[in-house]
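User: Please take a close look at one helix in this model and follow its packing outward. Keep the sentences short.

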Amino acid sequence: MKKNSINRRTFLKSSALVGAAGMVGTGSVLTSCGGGESGTKGGSSAAKKPLKEPGSYYVPELADLATDGKELKAGVIGCGGRGSGAAFNFLNAANGVTITALGDTFKEQIDKLADELKNKKNIDIPADKRFVGLDAYKQVIDSGVDVVLIVTPPNFRPIHFQYATEKGKHSFLEKPVCVDPVGYRLIMATARQAKAKNLCVITGTQRRHQRNYVEAYKQVMEGMIGEITGGVVYWNGGKLWHRDRAAGWSDGEWMIKDWVNWKWLSGDHIVEQHVHNIDVFTWFSDLKPAKAVGFGSRQRRVTGDQFDNFSVDFTMENGIHLHSMCRQIDGCANNVSEFIQGTKGSLYTNSGNTAIIKDLTGKEIWKYDFEAEKASCKQTDPYVLEHVNWINLIRAGKTIDQASEIAIPNMAAIMGRESAYTGTESTWEAMTASPLDMTPKDTNLTGKMDMTGFVVPVAGKPYIKK
């Protein structure tokens, strides 16, 4: 393979179709930083029928700091904003961990993170451990690291995860884990391989490591809202960012530097960002969608080929409905939250540490107490806590597979996107078997690319894919 060209199809031809693995497993009871149940108040005296018996579902241990143990050397693949954030999250999660290799498509990103590591953590990354290009992930993984942080644009994550697993490395895999059905199938196949090798795979679904969500999940599993009958999830926020094309940038260089605005790289924001909220519902309900009907539009985005908003009606496999809504437009009403309805009550959660359960009359019967958490816990950042959990599992010799868990809401988001793009109904059966591959035939960082296929979809008409 040329250093600055990649064709993902060569990596994916051998990927077999696999079924969705179970979303939750058994695990230990939540260990809070204060040594007990952290930050809850209220409760209901009414008899509750558990949705799942205690011990039959996974609950992470959310200590302030990982338990001391084997020294772990990490390599970072993708040194942009999220990659840099993940690097410091990893370093802040435990003693005895370090970063020894960096890889990115662009040298300036690597050097920037290397300077930050030197200035803030006194970690010196030598020149021969700084790998540049689209194949830099291989060099990072082969450099002698124990674990890898895979934080590249989403399109590249399946092949990076595949190579890391082949080489026996534990992976932190940022969400989303794929942008299309071909990537989904590779993620599912690789997750099974990682499990067979007893590897620990944690994903960047930080709500699964945020105490208000974890405690709310336990309450729902204990039966406080009864059987789940539906829900609504939102990520309505402002514009993210974009990069105007600079003089001298090739087509491929510009798109990768502006990746969050291109559907082949990010999967569109319903996949890249809103997957968090969809994940909350699929996590709590243990359901995947059977079909999706959605719509969306582009109104304000200034680069790329994505939509600005989506609205999707998911019919879950047992017939209940989930409404999904997301928007990235400045100056509009914002709402980033989840609402789950049950036969006995409802749950409202958001990333601002809110979790409230009400009965059918609207009376509050349980509420997460974030002030109590702050009083008893030193570490309240879920971005760090997901690494605490990951490191603890690795040092304890345990296995976890969050890749196949996040693949479910990831595929749901892809279903919603494709329905909105085409104006047609999307089904789980058809989409998981689809040959849809968003990757361009050739990603050339130095020359010209065929840009005619990067068009904004119009509902009711087939969109061109390159």
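Analyst: This is a predicted model. Start with helix 2, residues 81–92. Its twelve residues reach 17 Å from the first C-alpha to the last. That is close to the 16 Å expected at 1.5 Å a residue.

Which residues of helix 2 are buried? They are G83, S84, A86, A87, F88, N89, F90 and L91. An α-helix has 3.6 residues a turn, so residues three or four places apart point the same way. The buried positions here include neighbours in sequence, such as A86, A87 and F88.

What do these buried residues pack against? The strands are strand 3 (72–77), strand 4 (97–104), strand 6 (147–150) and strand 7 (170–173). The helices are helix 3 (107–121) and helix 13 (382–395).

L117 shows part of this packing in detail. Leaving out residues up to four places away in sequence, L117 touches F88 and L91. L117 also touches I99, L102, N122, I123 and I125. F88 has a further partner: K120 lies over the face of its ring, 5.4 Å from the ring centre. A similar arrangement involves F106, where the charged end of K257 sits over the ring at 4.7 Å from its centre.

Now widen the view to the core. The largest nonpolar core has 132 residues. F90 of helix 2 is among the residues with the most contacts inside it. The others named with F90 are I99, L102, L117, F284 and W390. Helix 14 (residues 403–422) gives the most to this core, with eleven residues. In soluble globular proteins, nonpolar side chains tend to be buried together.

F284 leads on to the aromatic groups. F284 forms one aromatic cluster with Y57, Y217 and W283. The count of aromatic pairs comes to 15. One of them joins W262 and F454, edge-to-face, at 5.9 Å centre to centre and 90 degrees between the planes. W262 lies in the loop between helix 8 (251–257) and helix 9 (263–266), and F454 in the segment after strand 19 (443–444), so the pair ties together parts that are 192 residues apart in sequence. W262 counts as buried because its relative accessibility is 4%, under the 20% cut-off. F454 is also buried, at 12%.

A further pair is F307 with Y421. Their ring centres are 5.0 Å apart and their planes at 80 degrees, so the pair is edge-to-face. F307 lies in the loop between strand 10 (289–297) and strand 11 (309–316), and Y421 in helix 14, so parts 114 residues apart in sequence are tied together. Both F307 and Y421 are buried.

Note on methods: Residues are numbered from 1 along each chain as its sequence is written. This is a predicted model: local features need pLDDT of at least 70, side-chain atom pairs count only at pLDDT 80 or more; totals for chains, interfaces and linings use all residues. Side-chain values use heavy atoms; hydrogens and water are left out. Helices (H or I, at least four residues) and strands (E, at least two) are DSSP runs, numbered from the N terminus. The expected span of a helix is 1.5 Å times one less than its number of residues. Buried means under 20% relative accessible area, exposed over 50%, partly exposed in between (1.4 Å probe, protein chains only). Contact means heavy atoms within 4.5 Å. A nonpolar core is a set of buried Ala, Val, Leu, Ile, Met, Phe, Trp, Tyr and Cys residues joined through side-chain atoms within 4.5 Å. Rings of Phe, Tyr and Trp (its six-membered ring) pair if their centres lie within 6.5 Å; planes under 30 degrees apart count as stacked, over 60 as edge-to-face and the rest as tilted. A charge sits over a ring if NZ of Lys or CZ of Arg is within 6 Å of the ring centre and within 35 degrees of the ring normal.
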